[in-house]
Amino acid sequence: MAEMNDPNAARKTWMSLLAKSDAGVLADIWAKANILPDFRFLRAPEIGGVMVRGRAGAVGAAFNLGEMTVTRCSVTLGSGAVGHAYVQGRDKKKAEIAAQVDALMQTDLAAQVEATVLAPLRNIAETAKQARAAKAAATKVDFFTMVRGED
Amino acid sequence: MYVAVKGGEKAIDNAHAWLAEERRGDTSVAELSVAQIREQLALAVNRVMAEGSLYDPDLAALAIKQSRGDLIEAIFLIRAYRTTLPRFGGSESVDTEKMACDRRVSATFKDAPGGQVLGPTFDYTHRLLDFKLAADGEAPQVQTADTPTGETPHIMSFLDRENLIQDEPAGPETPDDLTRAPLELPASRALRLQSLTRGDEGFILGMAYSTQRGYARNHAFVAELRIGAVPVEMDIPELGFAVDIGEVTLTECETVNQFQGSKTEPPQFTRGYGLVFGMTERKAISMALVDRALRWKELGEDNVGAPAQDEEFVLYHADNIQATGFLEHIKLPHYVDFQSELELIRKLRREAQAMQEAAE
C-alpha cells in the first residue's frame, strides 16, 4: 500500500527501467523516437562504482557483497526540467539518454516519451523476463511416489 | 632489500610484445571477441566478477582475454580497475526473496512452495565429453512451460515459523568495508562474509570440504540454493528516494546445520550463508559452510582447533590477489638479498671448518 501512495512511484518506475535497460537497445529506441530536446549537462556522464549489499542469512545484518559499475548523468532542458540518471554499466550515451528521458517525463512531452521510448523498453524487458521464467518453469521437478510392494 | 638496477627495459618491452603475440595465438585461427567470452564462457566471467569484486560482465570478459584465460590474473586486472572508480554510494541490501529464480533447489524439503527448479545445471549430466560441441555450434531448442505466479519464499522462513532456527541478529545499515579499512581481528560477521564472497573459490572450497571431512564438522544441509536476477536499489542523493540502478545475477546458499545446543544456546538449527555474484554455486555452498564454521564463538561452541574455525587463518589467506602478490614477488630480482645470504653461509662454513681443524 505504501508504494501505491508514494508520490515518486511513477518516476521510480521509469528510472529503474532505464537503469536496467541494455545500452544498445536504448540507443536504438531513442534514435527511432527522434526526440531531440534542447538540453545542457548539469553533470556530464561519469562512470563510477556502487557497493552492492546483502544481508547475512538474507534477513540479518547488512554486508558488502562487491561493487557494480554505474554511470550517472544530470541534464536540464530548455524548459527548466531537470533529469537525473544512475544507470548500470559504463555506457555514457545510455546515461545521457536516461537523464534526458527523466527530464522529458516531467514535461508536456511525457505521453510521447512514454509511448515511443518507455513502452517499447518495458515490452522488451518483460518479454526477456518471461522467456527466462518459462525456461526455468520447464525444469521444475514433478515428484511422484512409486507404490512400494509391501504386501 | 631492493636496489634499483637498470638495463632491463629492452628485454621487458620485447617480452611484453611476445606476450601479446602469444596471446593472439595462431593467426589462422579466428580471434576470440570479448562478447564471445562474455556469452560463451559465462561461468569464468562470473568467477572473475565475484573474486574481482566488481559486477561488470564486459570488463570481466575483457580481463579474461587480456590474461589469456589466467583467471587469477584477470581478477587482478579487475581489482586494479576497481580502485580507479569513484564510489557513488552503497546500495540498499538486495532482497533475494524477490529473485527471478533460474534455479532453486532445496535438499531439505521436497515439496517446498515454489518447487524444485533445476535451471541450467551440470547436475545429472554424465560428465562425458561431448564431441558434438567440437563439430557444430547450433543452439538447441529449449522447452518452456507456464510460469508460476507468486513469490518464491525462502525455505528458512518455514523453519523460522516453528521457531526451530536461530535468529539472525541485526547490524548497522552501513557495514564495515574491507576495501576501505584494513581487515582487523576479531572481524564482524559482515567483514567475514565480504571476505568470503570475494575469496578464492579453490581456497574456500578446500576449507568447506575440511569441515565435511571432520575438522569442525557442522552437519550442513542445503536448505536452499537459488540463482537468479535481483534488482539493486540505491538512494539517489539528488532525489531523496531510492530507485533501481541495475540488476545483478546472484547465487545464494542457505545451509541449515544441526546444533545440539551449547552453554548459551538451546538445541536448534543454526545457519550458514553464502551469497556470491553470478552463477557460482560451488562457491556459494562453500561460503555457507565456512561462514557457519567461523560462527563457533557467537554460538557458544567449542573451538576444536580446526583450520576452518580459525578466523585469522581463513580470512588472511582467502584472498588470491594478496596471496599471489606475495607469492609471486619472490621470483623478482632479489640479487642483493641473496648476496648477503651467500656471504653469511660462506662465513659460517669457514667458522665451522676452522673449529673442526682446531679440534683435530
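Start by selecting A:Gln100: leaving aside neighbours within four places in sequence, A:Gln100 is in contact (heavy atoms within 4.5 Å) with A:Trp30, A:Pro37, A:Phe39 and A:Val75. A:Gln100 sits in helix H3 (residues 92-104) of chain A; helices (H or I, at least four residues) and strands (E, at least two) here are DSSP runs, numbered from the N terminus. With a relative accessible area of 4%, A:Gln100 is buried. Buried means under 20% relative accessible area, exposed means over 50%, and partly exposed is in between (1.4 Å probe, protein chains only).

Before moving on, know that this is a predicted model, where local features need pLDDT of at least 70, side-chain atom pairs count only at pLDDT 80 or more, and totals for chains, interfaces and linings use all residues. Residues are numbered from 1 along each chain as its sequence is written, chains are lettered from A and ligands numbered from 1 in the order in which they are written, and side-chain values use heavy atoms, with hydrogens and water left out.

**Stop 1: a hairpin in chain A**

Next, select strand S2 (residues 62-77) of chain A together with S3(A). The two pair in the antiparallel sense over seven bridges; two strands pair if DSSP finds at least two bridges between them. Look for A:Thr76, which stands opposite A:Val82 in S3(A). There are four residues between the strands of this hairpin, and A:Gly80 takes a positive phi near 100°. Now colour strand S3 (residues 82-88) of chain A: six of its seven residues are buried, so the strand is largely enclosed by the rest of the structure.

**Stop 2: the sheet in chain B**

Switch to chain B, which has 13 helices and six strands. Of its 360 residues, 40% count as buried. Its C-alpha trace spans about 85 × 65 × 55 Å along the principal axes.

In what order do the four strands of the open sheet in chain B come? The order is S3-S4-S5-S6, with antiparallel pairing. Strand S3 (100-105) and strand S6 (268-277) of chain B are the edge strands, each pairing on one side only. From one strand to the next, the twist averages 25°. Axes are lines fitted to C-alpha atoms, for helices over the stretch in contact, and angles run from 0 to 180 degrees between N-to-C directions.

Zoom in on strand S4 (residues 220-236) and strand S5 (residues 241-259) of chain B, which run antiparallel and are joined by 16 bridges. One pair to click on is B:Gly228 and its bridge partner in S5(B), B:Leu250. Then add helix H10 (residues 281-294) of chain B: it lies across S3, S4, S5 and S6 of chain B, running at about 140° to S6(B).

**Stop 3: where the chains meet**

Show both chains. Here 78 residues of chain B are in contact with 52 residues of chain A. The area buried between them is about 5,400 Å², and carbon and sulfur atoms give 62% of that. Buried area is the accessible area (1.4 Å probe) that two parts lose on being put together, summed over both.

How many salt bridges does the rule find across the interface of chain B and chain A? It finds seven, a salt bridge being a side-chain nitrogen of Lys or Arg within 4 Å of a carboxyl oxygen of Asp or Glu. Select B:Arg87 and A:Glu67 to see one of the salt bridges, where the closest N and O atoms are 2.7 Å apart. On the side of chain B that touches chain A, S5(B) gives the most, with 11 residues.

**Stop 4: helix H4 and some charged pairs**

Now pick helix H4 (residues 57-66) of chain B, where B:Leu59, B:Ala60, B:Ala61, B:Ala63 and B:Ile64 are buried. Their cover includes S2 of chain A as well as helix H2 (34-40), helix H3 (42-52), strand S1 (54-55) and helix H5 (71-82) of chain B. Just after H4(B) comes B:Arg68, with a positive phi near 60°.

In a salt bridge, the side chains of B:Asp58 and B:Arg38 meet at 2.6 Å, N to O. B:Asp58 lies in helix H4 and B:Arg38 in helix H2 of chain B, so the pair ties together parts that are 20 residues apart in sequence. B:Asp58 is partly exposed at 33% relative accessibility, and B:Arg38 is partly exposed at 27%.

Last selection: B:Glu224 and B:Arg226, another salt bridge, with the closest N and O atoms 2.7 Å apart. Are these two buried or exposed? B:Glu224 is buried at 1% relative accessibility, and B:Arg226 is buried at 0%.
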